[in-house]
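Visitor: Could you take me in for a close look at a single part, and then show me how its surroundings are put together?

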Amino acid sequence: MILPALFFYLFAAVCVASAVMVIVSKNPVHSVLYLILAFVNASGLFVLMGAEFLAMILVVVYVGAVAVLFLFVIMMLDVDFTELREGVLQYMPIGLVIAGIFLLELLLTVSYWVINPGTTKTITAAIPTNVTNTEALGLVLYTKYIHYFQLAGMVLLVAMIGAIVLTLRHKANVKRQDINVQNARTPEMAMVVRKVAVGQGLQDADAAEWVK
């Protein structure tokens, strides 16, 4: 039992330190790299608890997709961090007040939070032992907690639509497609048939209309 305990404290310590460095680091690229390190150590904790499926999902989804996407977006955007830091002192008092309120709430929660000894006895469904970890998670998630799962999906959908609406910008001099106009086009509107005599070309007006 000594070796699993050592790995637990190692993963936990590195995970907490990485989470702190995500906030403290001044370079956003370094913050994303520390975030990836925190995810990897969190997946190690899941492996120690026997939840290898959650560990794999954490690495594949969060490290392989979300964190790497954050890293590419930050590296591709030309952000002037000097300009962003100019308003730090202006909003520092408000930030300190909000941080103090959150810290007070956290201390009150930790001070008066007591785990009920009968919590483990309130499990209504027996944990299956003859199935794999992934199958057991699917049986619980898609049967008893299916409504919560669908509700979480709706929340993510609303967040995605909100992000699209906030970042959508309409420019005046940019040509955009109108689906209704395209669907209403007829063959007569789409093409013009011209009879051109041998050895002669189109007139200037006809040529301009043809190109148009």
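Guide: Happily! Setting aside residues up to four places away in sequence, Ser25 touches His30, Ser31 and Tyr34, where a contact means heavy atoms within 4.5 Å. This is a predicted model, in which local features need pLDDT of at least 70 and side-chain atom pairs count only at pLDDT 80 or more, while totals for chains, interfaces and linings use all residues. Residues are numbered from 1 along each chain as its sequence is written, and side-chain values use heavy atoms, with hydrogens and water left out.

To find Ser25, look in the loop between α1 (2-24) and α2 (28-48); helices are DSSP runs of H or I with at least four residues, strands are E runs of at least two, and both are numbered from the N terminus. Ser25 counts as buried because its relative accessibility is 16%, and buried means under 20% (exposed is over 50%, partly exposed in between; 1.4 Å probe, protein chains only).

From that loop, move on into α2, the helix that gives the most to the largest nonpolar core, with 5 residues. Such a core is a set of buried Ala, Val, Leu, Ile, Met, Phe, Trp, Tyr and Cys residues joined through side-chain atoms within 4.5 Å. Here it has 10 residues: Cys15, Val32, Ile36, Ala38, Phe39, Ala42, Leu58, Val63, Ala67 and Leu71. Both α2 and α3 (52-76) supply at least two residues of this core. In soluble globular proteins, nonpolar side chains tend to be buried together.

Val32 is a good member of the core to inspect next. Leaving aside neighbours within four places in sequence, Val32 is in contact with Ala67, Phe70, Leu71 and Ile74. Among these partners, Ala67 and Leu71 also appear in the list of core residues.

Now step back to the whole chain. The protein has 10 helices and 0 strands, and reading along the sequence gives the pattern α-α-α-α-α-α-α-α-α-α. Of the 212 residues in the protein, 10% are buried, Ser25 being one of the residues that count as such. If you take the contacts with a separation of 6 or more, 47% of them join residues 24 or more positions apart.

Last comes the outside of the protein. Its accessible surface comes to about 18,300 Å², and carbon and sulfur atoms account for 71% of that area (Shrake-Rupley method with a 1.4 Å probe; for residues, only the protein chains shown count as cover).
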